[in-house]
Amino acid sequence: MYQDDGSSSVTSSPLQVFSTMPVSPSMGSPYPWVRELKSEERGLYLIHLLLTCANHVASGSLENAEIALSQISHLASPDGDTMQRIAAYFAEALARRIVKAWPGIDKALNATQITLVSEQILVRKLFYDMFPFMKVAFVLTNQAIIEAMEGEKMVHVIDLHAAEPAQWIALLQAFSVRPEGPPHLRITGIHPQKGVLDQMAHKLIEEAEKLDIPFQFNPIVSKLENLDIEKLRVKTGEALAISSILQLHSFLASDDELRKKSPSTLKNSNGINMQRVLQMNQNTLGELLEKDTANGYSPSPDSASSSPLSSTASLKMDCFLNSLWGLSPKLMVVTEQDSNHNGSTLMERLLEALYTYAALFDCLESTVSRTSMERLKVEKMLFGDEIKNIIACEGAARKERHEKLEKWIQRLDLAGFGNVSLSYYGMLQARRLLQGYGCDGYRMKEENGSVVICWQDRPLFSVSAWRCRK
């Protein structure tokens with residue numbers, strides 16, 4: 001992860017005094033040795049500064065937060081090593097959170113910002129190409145659909161975010177060699193951009209004609225949160241499957257402000273966390289943070305106080321899941337980020353997000369050149385935007401409310417869905433895909449019949465299958 005060489009021990013470096021060191025108010029670097037730090041030591045110091053800054057932001061001490069951000073800016077860089085890149089995006093997110101306290105200033109700063117849909121689509125495509133996560137999800141989803149639809153003559157698949165035709169091209173090809181012959185296949189694709197759906201329709205119809213499979217594509221131009229269920233046009237006699245790829249967590253957003261812990265509690269607990277982080281001596285940020293768990297801090301509290309299933313924030317989710325249940329799907333496959341980014345406090349989310357994005361940035365560090373423009377786009381326009389949403393936003397604006405697999409199991413069970421174990425053959429295909437990816441850091445593990453895809457030992461995405469429980 002870190003490419004600077006150096007064997008100096010943390011115990012013999014200035015890192016010993018990081019946790020007790022005041023952050024200097026001067027604009028320049030207060031300690032001459034800071035710029036001479038080895039990569040690992042600089043990473044530890046950046047963690048210290050980020051936690052210090054977040055603590056000040058959470059407690060409303062904006063002058064001290066500004067001082068910490070100034071220090072971070074001397075060491076962080078979006079084109080540096082992994083920790084420098086991560087620090088740059090987390091610092092930007094913390095600064096954005098401060099600015100949001102003045103809505104007029106926040107709106108003025110964003111008034112002329114233009115986000116091109118074509119750029120967003122490109123970045124999602126780059127993410128698909130650079131990482132194996134979505135490919136594994138597609139393999140597992142398709143295999144589950146093929147097995148559930150055995151013997152069915154009319155199959156209807158609803159894609160809640162129809163952006164990548166490769167998944168359904170593979171399904172068409174799999175159905176074409178089915179022993180009993182292919183079914184009549186109808187795919188309903190939902191996406192806010194008509195151009196994306198038009199492109200998908202063209203590719204799928206072309207593939208179906210080539211394979212001589214009876215096929216229909218039903219495009220629905222809509223944001224998922226505004227979806228009219230009636231437009232799905234589920235017909236009697238169809239066997240229905242639903243595919244949800246990274247979509248459900250956004251329904252956890254609520255108009256109600258989440259309850260906040262008192263600043264004094266934050267200050268006391270954060271001081272302990274900083275002390276523990278600064279005692280670490282590992283080679284990657286993921287390992288730096290992982291060591292903290294062994295020292296007694298659990299970054300993924302599963303208690304009801306973290307993100308209760310019964311809270312107001314879940315009402316939109318409950319309504320949507322009830323609508324899907326009402327369609328009586330034979331199968332629903334759900335892929336979600338396997339992280340706890342829906343905590344009620346800033347510090348909970350910041351620490352969890354550091355774990356997750358450390359692993360994602362480390363994936364790129366291990367497989368893509370630091371000078372790659374494609375890598376920079378993914379880090380800035382995808383990961384950077386997600387980090388900003390997790391850290392800077394609250395209420396309905398905070399859409400990136402990623403949760404762990406166990407929470408999804410509880411939630412879907414309460415909504416009337418029963419868990420279906422993914423098959424051995426599906427998992428075997430997925431493992432072969434990972435093994436052929438040319439990087440040994442990607443792992444896959446089974447949890448209660450579902451699959452969690454990891455970087456090293458850090459869970460990043462989960463895939464689970466469900467059926468309607470009558």
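This is a short tour of a predicted model, moving from the whole chain to its cavities and then to two cysteines.

**Whole protein**

Start with everything shown as a cartoon. The protein has 15 helices and 9 strands. Now colour the 470 residues by burial: 54% of them are buried. Switch on the surface next. The accessible surface comes to about 20200 Å², and carbon and sulfur atoms hold 52% of that area.

How much of the contact network links residues 24 or more positions apart? Among contacts with a separation of 6 or more, such pairs account for 80%.

**Largest cavity**

Hide the surface and look inside. There are 2 cavities of 30 Å³ or more. Go to the largest cavity, which holds about 120 Å³ of space.

Select Gln337, Tyr357, Leu360, Glu386 and Phe461 and show them as sticks. Of the 15 residues that line the largest cavity, these five lie nearest its centre.

Now colour the elements around the largest cavity. Each of the following supplies at least two residues of its lining:

- α5, residues 117-130
- α12, residues 346-367
- α13, residues 373-392
- β9, residues 458-468

What is the chemical make-up of this lining, by class? The largest cavity is lined by 8 nonpolar, 5 polar and 2 charged residues.

**Second largest cavity**

Move on to the second largest cavity. Its volume is about 30 Å³. Select Leu140, Gln143, Ala144, Glu147, Leu422, Ser423, Gly426 and Met427, the residues that line the second largest cavity.

Two helices give two or more residues to this lining: α6 (133-148) and α15 (424-435). Which of the elements gives the most? That is α6, with 4 residues. By class, the lining of the second largest cavity has 4 nonpolar, 3 polar and 1 charged residues.

**Cysteines**

Finish with the sulfur atoms. A disulfide is a covalent bond between the sulfur atoms of two cysteines. The count of disulfides in this model is 0.

Select cysteine 319 and cysteine 454 in turn. Are they buried or exposed? Cysteine 319 counts as exposed because its relative accessible area is 52%, and the cut-off for exposed is over 50%. Cysteine 454 has 3% relative accessibility, so it counts as buried; the cut-off there is under 20%.

Definitions and conventions: Residues numbered from 1 in each chain as written. Predicted model: local features only at pLDDT ≥ 70, side-chain atom pairs only at ≥ 80, totals over all residues. Heavy atoms only, no water. Buried < 20%, exposed > 50% of the residue type's maximum accessible area, 1.4 Å probe, protein only. Contact = heavy atoms within 4.5 Å. Areas by Shrake-Rupley, 256 points an atom, 1.4 Å probe, with all protein chains shown as cover. 1 Å grid on protein atoms, 1.4 Å probe; cavity = no way out; pocket = protein on both sides within 12 Å on 5 of 7 lines; lining within 4 Å. Points joined across faces, edges and corners; volume = space filled by probe spheres on them. Nonpolar A, V, L, I, M, F, W, Y, C, P; charged D, E, K, R; others polar. Disulfide = S-S within 2.5 Å.
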